[in-house]
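Visitor: I'd like to go through this one slowly and ask how each label is earned. Could you put the structure up first?

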Number of protein chains: 6
Amino acid sequence: MYELGVVKRNINRADRTAADQLARYGATTVHEAMGRVGLMKPYVRPIYSGARVSGTAVTVLLHPGDNWMMHVVAEQIREGDIVVAAITADCTDGFFGDLLATSFMARGARGLVIDGGVRDVRELTEMGFPVWSKAISSKGTIKATLGSVNIPVVCAGAMVNPGDVIVADDDGVVVVPAAKAAKTAEAAAAREANEVDKRAKLGAGVLGLDMYKMREPLEKAGLKYID
Amino acid sequence: MYELGVVKRNINRADRTAADQLARYGATTVHEAMGRVGLMKPYVRPIYSGARVSGTAVTVLLHPGDNWMMHVVAEQIREGDIVVAAITADCTDGFFGDLLATSFMARGARGLVIDGGVRDVRELTEMGFPVWSKAISSKGTIKATLGSVNIPVVCAGAMVNPGDVIVADDDGVVVVPAAKAAKTAEAAAAREANEVDKRAKLGAGVLGLDMYKMREPLEKAGLKYID
Amino acid sequence: MYELGVVKRNINRADRTAADQLARYGATTVHEAMGRVGLMKPYVRPIYSGARVSGTAVTVLLHPGDNWMMHVVAEQIREGDIVVAAITADCTDGFFGDLLATSFMARGARGLVIDGGVRDVRELTEMGFPVWSKAISSKGTIKATLGSVNIPVVCAGAMVNPGDVIVADDDGVVVVPAAKAAKTAEAAAAREANEVDKRAKLGAGVLGLDMYKMREPLEKAGLKYID
Amino acid sequence: MYELGVVKRNINRADRTAADQLARYGATTVHEAMGRVGLMKPYVRPIYSGARVSGTAVTVLLHPGDNWMMHVVAEQIREGDIVVAAITADCTDGFFGDLLATSFMARGARGLVIDGGVRDVRELTEMGFPVWSKAISSKGTIKATLGSVNIPVVCAGAMVNPGDVIVADDDGVVVVPAAKAAKTAEAAAAREANEVDKRAKLGAGVLGLDMYKMREPLEKAGLKYID
Amino acid sequence: MYELGVVKRNINRADRTAADQLARYGATTVHEAMGRVGLMKPYVRPIYSGARVSGTAVTVLLHPGDNWMMHVVAEQIREGDIVVAAITADCTDGFFGDLLATSFMARGARGLVIDGGVRDVRELTEMGFPVWSKAISSKGTIKATLGSVNIPVVCAGAMVNPGDVIVADDDGVVVVPAAKAAKTAEAAAAREANEVDKRAKLGAGVLGLDMYKMREPLEKAGLKYID
Amino acid sequence: MYELGVVKRNINRADRTAADQLARYGATTVHEAMGRVGLMKPYVRPIYSGARVSGTAVTVLLHPGDNWMMHVVAEQIREGDIVVAAITADCTDGFFGDLLATSFMARGARGLVIDGGVRDVRELTEMGFPVWSKAISSKGTIKATLGSVNIPVVCAGAMVNPGDVIVADDDGVVVVPAAKAAKTAEAAAAREANEVDKRAKLGAGVLGLDMYKMREPLEKAGLKYID
């Protein structure tokens, strides 16, 4: 249950080195490195392709059609943060545009993940401020109701605690608990190193069937080849 | 982030009296009594109309197309519980049917809330075992992958901790944190008492405009009447 | 474009006899009688089955998450009206429940059509107050922003002018312009009379192919029968 | 690829006894008896609850907004058939209503499955003619373009050959190839018999964990119990 | 209610200077300048990014799967127009492709907004003819049923009168009533001028909290800062 | 009904010349050349724009959340094939990424069409391996359940037989039966040739109304011009 009307100023951000490093591996590898958990739903999409960022989560809870708390969260942003915005009910309004992005960038934010809509897409693209959102919409919002800042939120189906690491790219958005950031970075690095060799073999025509020794288990499971 | 492969046996269930009492008020009144938070998304719908239940949450995390953990969670059910099933990715398969319902009922469960599909709807209706689900589907599932039982989960956009109170009816499903169950029951009772008088007045033709003294604030906001 | 902050008190309601009579034919027949236009999108569904009503439209424009204007429109309801609620952006919140229904009924309303969510479904069903809505949701709303009453609105894809006739049943919702109500009632009556004979023939085993003399045009279009 | 403008008169209907018998088991059990295949997508829903039918498929291919071929297929219906209607592109129009149902019933049809919309829901319910559809819509259709009758079609994601058995109930719609009808009926009967004992045990409080001997494989997979 | 079978030749187009000028500000600013109304639903998306146009609306009403009227509307296009196509029921077919675009461009059209599907996306992109549509689909259409040209239509949830100004870009599509075009252009210009200073301040690190003097109202509303 | 656990090694691939040639015309022209059939649903979208390929279908049937058979199908790929992946129930998981793409490319595949999700979009784009998918998602899959390879499948609403020609581009995906590949290529070529002249005329300002001689049939249908 969400607590409303609260701004938490001090949060435990994940280890900076780990938080920064995770962008290198991308959402998919990090998701695998954590054991296939932590993903937001795939309806959250980047407004332009090619961005790949990681950073520490600063969270904000908004109400449908109301972006008042966006100005409150701006003050809590530190260098290397990514803002994660949850909404208390489904809403595609444009909660965020180029003015707020200017402010967020000035505060050191690396991007925004929002379970709602965004606008000024052309300007945001030119500014190089990446946003992952549920919708693109010009629809304006009001400033009338209190939400909260830096409380745990559910964004696009994923639990996000303030200070968690967010990794986002063309594949989607993944959340790494602050306490697991360093270990996940290690696991991701190992996973990536491991893939270099596999990629070379597969590129040379070796089949996954052989490389992963799948023929026997497939046969055991009953797979039949016919002509 | 979800921890996989874990079953927590001892959970702190909400106060029984409060948990039982909340059904009386229904999802909408309880949601309002908590300050308009705690709702699951409205895509979770009852498989038959008219059921209204409350109980303590026992949670289970499933993987798409795999209902193995449903048998694990059955053992953790106590009298007065409602099972809350989350899935690690969107899936409409039929994770639950009349056999599992027979088992759940024998263990004392009052219902199931699932962010996925359910089947044997006719039989479940005849048994009087209410289910709130995202879909109805005959699609069978396998038993191959570990999830968890009684960890905090996100179900239909809402955070559910084991032991929380679930209130579900034709309007939807609301989650009350265990620690707030008693206070919420009081607030809901007060709210309901307060509505009796209002209902009588409105039924007698008094307008909300007058009863809630809205005419002045509406005029201030600039509302104009024209002919 | 919507004009905001306006309540129009005097509207030209459709002829009462025609408005009342159209319920007899239902949404589908009336839609056909008008030449296959005037339908709302099929996502607007009745909260309970079996209701069939017609009445004159009183319109209200709401903002997402804000039901303030619902109290304003209540005062404009007269005996035989149906309230049509449009929202300025997609929203599934529960804008309407049993208290407002009590007020609407006391004012003489026959039902509500809303391009948003509704709650207290069990109570509304018991009261016999039919609602056609996009969603069912406990989500509460605020009272902060002005919309309008009795302006032309777009509801579920259909243009509705205040005073138009609304016909709603299990098949959906159709809008009849006030000026065409009487003529449409005639056409619907004729259509229905015409169907009695057709129904008897088809029930006796006569094929539509023969009754509608379709064999020749089908052959001309190139239809081939093979064994 | 669909062949257009063709009506196949002679089709190989599944064994009548098997086709009739499958209704007894319902869509879910039949789906399981076939090895978990053959289901239509769960967006196809019954227009009223409680119907459970099986019968031999007569197929029809329609174009969006055009129900001309519905009259052509009527002539091909024999006692015990269920009409399966596919559309060449997504469309929610009301292709079918009470007049066509009267004709279909007179020809011996037991129901309709349509990957589109249906109307006259109240009348169809009163007539007891069950329909599984993607939508309910008053929207009328024209009669201008040729489709086909009794060709193989894709309906709601499932391949249907004329003569296949269709089993439909509240859980959904399943397709049984004509050649497998008898064997599937046997497997379904066996499955159902097998469930009687299981149901009794589960109802007596025996856990699936023990009945299905799952404790050891779960432990092997790494499941951990904590307090 | 739509009148079918009508082509209106003379329409009152909005002031040309205002219509042309509005593209400069884009959909979001124009929407705000009108008081946050006039938007189409966000499911209407550009087929390629970066286009930003404004022009006077020429409207066409189509039936699902039928693009006959597209050829009728072509004749009514004048230099500086944008065609707005509504459909009488949901349909994703490809009503428009490169041949029609060639014709529309030759007549002076600046773009198309369609509440349905479009095809030949690669060719349209190469030609630089922007389209905002609900879907991209190769599905062909027929030419069999009359719609209308230059009647008021509902497109993607917005009312469009012939002659209104359409402003469309990556953020979406907004409709400006012809009579309000000049005034809206002024308001948009003022709004944009006003944002230059704000952007500079926010870029320099000034917070919206201070710039908009939000701290006091937030405190009044009950916002609490905790550590 | 799908047969599970089967890999068919020898399939009848469409004529190579025709299969290769069809890419030249694109999905829309090929769809028209076949008589407006054979399209997949428009929710299958390319992961990057601009690709246009044709090739012979190698099919694979997967279960939700399980990509085991992707490794089995890899072995069956020959130069010039396009893999078509169907899933037994709706699932947006990322069944395919850059490692599998490396393997598929090494085997000679020209692309993938999948009725599910894909990941490593950035890498796939860099590799120039085009994918048409229902979703983009990092969600990993397991390897536990047998599907089949080179059986007839339903993918995004279209029937695909192994060996059929797949044509895919920005407009969507179309399936050409192997036996009709050569004839369809001819028809597509003729259609394209025919469009050159039309395009020139339309570009010169000739109206479709005149070029297609539509004025008379439109008048006959009752079209009225008003001022």
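Visitor: How do you know whether chain C and chain F are joined or apart?

Guide: Quick note before we start: this is a predicted model. As for your pair, the closest C-alpha atoms of chain C and chain F lie 14 Å apart, and no contact joins the two chains. A contact needs heavy atoms within 4.5 Å, and chain C and chain F have none. Chain B and chain E are another such pair, with no contact and closest C-alpha atoms 14 Å apart.

Visitor: What makes chain C and chain A a contact?

Guide: Here the 4.5 Å cut-off for heavy atoms is met by eight residues from chain C and eight residues from chain A. Chain C and chain A bury about 690 Å² between them, and 59% of that is on carbon and sulfur atoms. On the chain C side, C:Pro64, C:Lys139 and C:Ile142 supply 42% of the area buried against chain A, more than any other three residues.

Visitor: How many salt bridges does the rule find across the interface of chain C and chain A?

Guide: Zero. The rule wants a side-chain nitrogen of Lys or Arg within 4 Å of a carboxyl oxygen of Asp or Glu, and nothing across the interface of chain C and chain A qualifies. The count of residue pairs in polar contact, both at pLDDT 80 or more, is zero as well. By class, the side of chain C that touches chain A has four nonpolar, two polar and two charged residues.

Visitor: And what does the contact of chain B and chain D take from each chain?

Guide: Chain B gives 35 residues and chain D gives 36 residues. Chain B and chain D bury about 3100 Å² between them, with 58% of it on carbon and sulfur atoms. In chain B, the residues that lose the most area to chain D are B:Leu99, B:Arg122 and B:Ser138, together 20% of what that side buries.

Visitor: Why is the pair B:Glu75 and D:Arg215 called a salt bridge?

Guide: Set the distance against the rule. The side chains of B:Glu75 and D:Arg215 meet at 2.8 Å, N to O, and the cut-off is 4 Å, so the pair counts as a salt bridge. Across the interface of chain B and chain D the rule finds five salt bridges, and there are 16 residue pairs in polar contact, both at pLDDT 80 or more.

Visitor: Which elements give two or more residues to the side of chain B that touches chain D?

Guide: Strand S1 (6–8), helix H3 (68–76), helix H4 (98–107) and helix H5 (121–127) of chain B. H3(B) gives the most, with seven residues. Sorted by class, that side of chain B has twelve nonpolar, twelve polar and eleven charged residues.

Visitor: What makes D:Asp90 and D:Lys134 a salt bridge?

Guide: Their closest N and O atoms are 3.5 Å apart, and the limit is 4 Å, so this pair passes too. D:Asp90 lies in the loop between strand S4 (81–87) and helix H4 (98–107) of chain D, while D:Lys134 is in strand S6 (residues 131–136), so the pair ties together parts that are 44 residues apart in sequence. Over all chains, a search of the whole structure finds 102 salt bridges.

Visitor: Now the helices. Why are H2(C) and H6(C) called roughly perpendicular?

Guide: Helix H2 (residues 26–33) and helix H6 (residues 181–203) of chain C pack at an angle of about 110°, with their axes 8 Å apart. The class runs from 65 to 115 degrees, so H2(C) and H6(C) are roughly perpendicular to each other. The contact is made by C:Thr29, C:Val30, C:Glu32 and C:Ala33 of H2(C) and C:Thr184, C:Ala187, C:Ala188 and C:Arg191 of H6(C). By class, that is four nonpolar, two polar and two charged residues.

Visitor: At what angle do helix H2 and helix H6 of chain A pack?

Guide: About 110°, with their axes 8 Å apart. H2(A) and H6(A) are therefore roughly perpendicular to each other. Among the residues that make the contact are A:Val30 of H2(A) and A:Arg191 of H6(A).

Visitor: And how do the axes of helix H2 and helix H6 of chain B cross?

Guide: At roughly 110°, coming within 8 Å. H2(B) and H6(B) are therefore roughly perpendicular to each other. In this contact B:Thr29, B:Val30, B:Glu32 and B:Ala33 in H2(B) meet B:Thr184, B:Ala187, B:Ala188 and B:Arg191 in H6(B).

Definitions and conventions. Residues numbered from 1 in each chain as written. Chains lettered and ligands numbered in written order. Predicted model: local features only at pLDDT ≥ 70, side-chain atom pairs only at ≥ 80, totals over all residues. Heavy atoms only, no water. Buried area = accessible area lost by both parts, 1.4 Å probe. Polar contact = N/O pair within 3.5 Å; in protein donor to acceptor, adjacent residues only side chain to side chain. Nonpolar A, V, L, I, M, F, W, Y, C, P; charged D, E, K, R; others polar. Axes fitted to C-alpha atoms, helices over the stretch in contact; angles between N-to-C directions. Helix = DSSP H or I, 4+ residues; strand = E, 2+ residues; numbered from the N terminus. Parallel < 35°, antiparallel > 145°, perpendicular 65-115°, else oblique.
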